[in-house]
Amino acid sequence: MGEEANDSGDGGDGSGTERPSLADQRGVESVYQPAEDSDLLARTARERVEAGDTVLDVGTGSGYVAATLADAGARAVGVDVSPLACREAAENGVPVVRGDLVEPFRADAFDLVAFNPPYLPTPPEQEWDDWMEHALSGGDDGRRLVDPFLETVERVLAPGGEALMLVSSLTDPAAVRAYASEHGLASEQLASEKHPYEALVVLRFYRD
C-alpha cells in the first residue's frame, strides 16, 4: 500500500478493456477485510496497550486493528494509501489519514505502531494494478513494504515505544529481523499461529 495505484479496474492502462480488477477477478472487496492475520495482530497488540496510549495502525484497511486498540482505551489512528480504505475505516469510526506508511506523522508520536503489511510473494507477471493488489502483494520476496517500514518506523516511536508487525513464514521472519537489526531495531517474536500453507508471526521491534 506504499504506492499510488489505479482503482479504475482497467489494468492500469486507462483503456477500461484489458482485464478485470483483482477484486472482480477474485470476487472479493476492494478493501482488505479482517482475516486470521488481522485478528492475530489485533489480539497481540491489544495485550500491550494501556488506556491513553497513542497508537498507529499502518495500512489500516477497514480499520479493524485500530478499532480493536481503541476499544482497549488507546487513542488510535489509521493510515492507508488507498482512498477506498480510508473511506471505509472512517465509516467504521476510525480516525484515518491518507498517506504512505508513517510519512504523514511527526517524530516520537506513537507508543505503539501496528502493521499488517502485504506479505504474499508475488511475481511481477502475476500482479494486478488495483487497490486490492496493493493490499495483498508483497512483491518478489514478500517484503515490498516490510523493508521500507523498518527503515522509517523508528522516527515516529515515542521513547519506549514499539512496533508490532505481522509477517508470514513465506516472508522469512529471520531475514526480516536481520534487516531490522541493520537499521538499529532490536526484535523478538511475540506470537505465532500455524495455518495450512504458512505460519503467521507477530514480531516486535524497538530501539536497540
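Biologist: Which residues does Glu162 touch, not counting residues up to four places away in sequence?

Modeller: Keep in mind that we're looking at a predicted model. Glu162 sits in strand E5, which covers residues 157-168. Leaving out residues up to four places away in sequence, Glu162 touches Arg48, Asp111, Leu112, Val113, Leu157, Arg204 and Phe205.

Biologist: Okay, is Glu162 buried or exposed?

Modeller: The cut-off for buried is under 20% relative accessible area. Glu162 has a relative accessible area of 7%, so by that cut-off Glu162 counts as buried.

Biologist: And with which side chain does the side chain of Glu162 make a polar contact?

Modeller: Arg48 is among the residues Glu162 touches. The two side chains make a polar contact at 2.7 Å, so to speak of a partner by name, that's Arg48.

Biologist: Let's zoom out to the sheet. Which strands stand at its edges?

Modeller: Seven strands make an open sheet with mixed pairing, in the order E3-E2-E1-E4-E5-E7-E6. Two of them have a single partner strand each, so one side of each is left without a neighbour in the sheet. Those edge strands are E3 (96-98) and E6 (185-195).

Biologist: What is the bridge partner of Leu164 in E7?

Modeller: E5 and E7 (residues 198-207) run antiparallel, joined by six bridges. In E7, the residue bridged to Leu164 is Arg204.

Biologist: Which helix packs on the sheet touching E4, E5, E6 and E7?

Modeller: This helix spans residues 36-46, and its direction makes about 130° with that of E6. Its name is H2.

Definitions and conventions. Residues are numbered from 1 along each chain as its sequence is written. This is a predicted model: local features need pLDDT of at least 70, side-chain atom pairs count only at pLDDT 80 or more; totals for chains, interfaces and linings use all residues. Side-chain values use heavy atoms; hydrogens and water are left out. Helices (H or I, at least four residues) and strands (E, at least two) are DSSP runs, numbered from the N terminus. Buried means under 20% relative accessible area, exposed over 50%, partly exposed in between (1.4 Å probe, protein chains only). A polar contact is a pair of N or O atoms within 3.5 Å; within protein, one must be able to donate a hydrogen and the other to accept it, and residues adjacent in sequence count only if both atoms are side-chain atoms. Contact means heavy atoms within 4.5 Å. Two strands pair if DSSP finds at least two bridges between them. Axes are lines fitted to C-alpha atoms, for helices over the stretch in contact, and angles run from 0 to 180 degrees between N-to-C directions.
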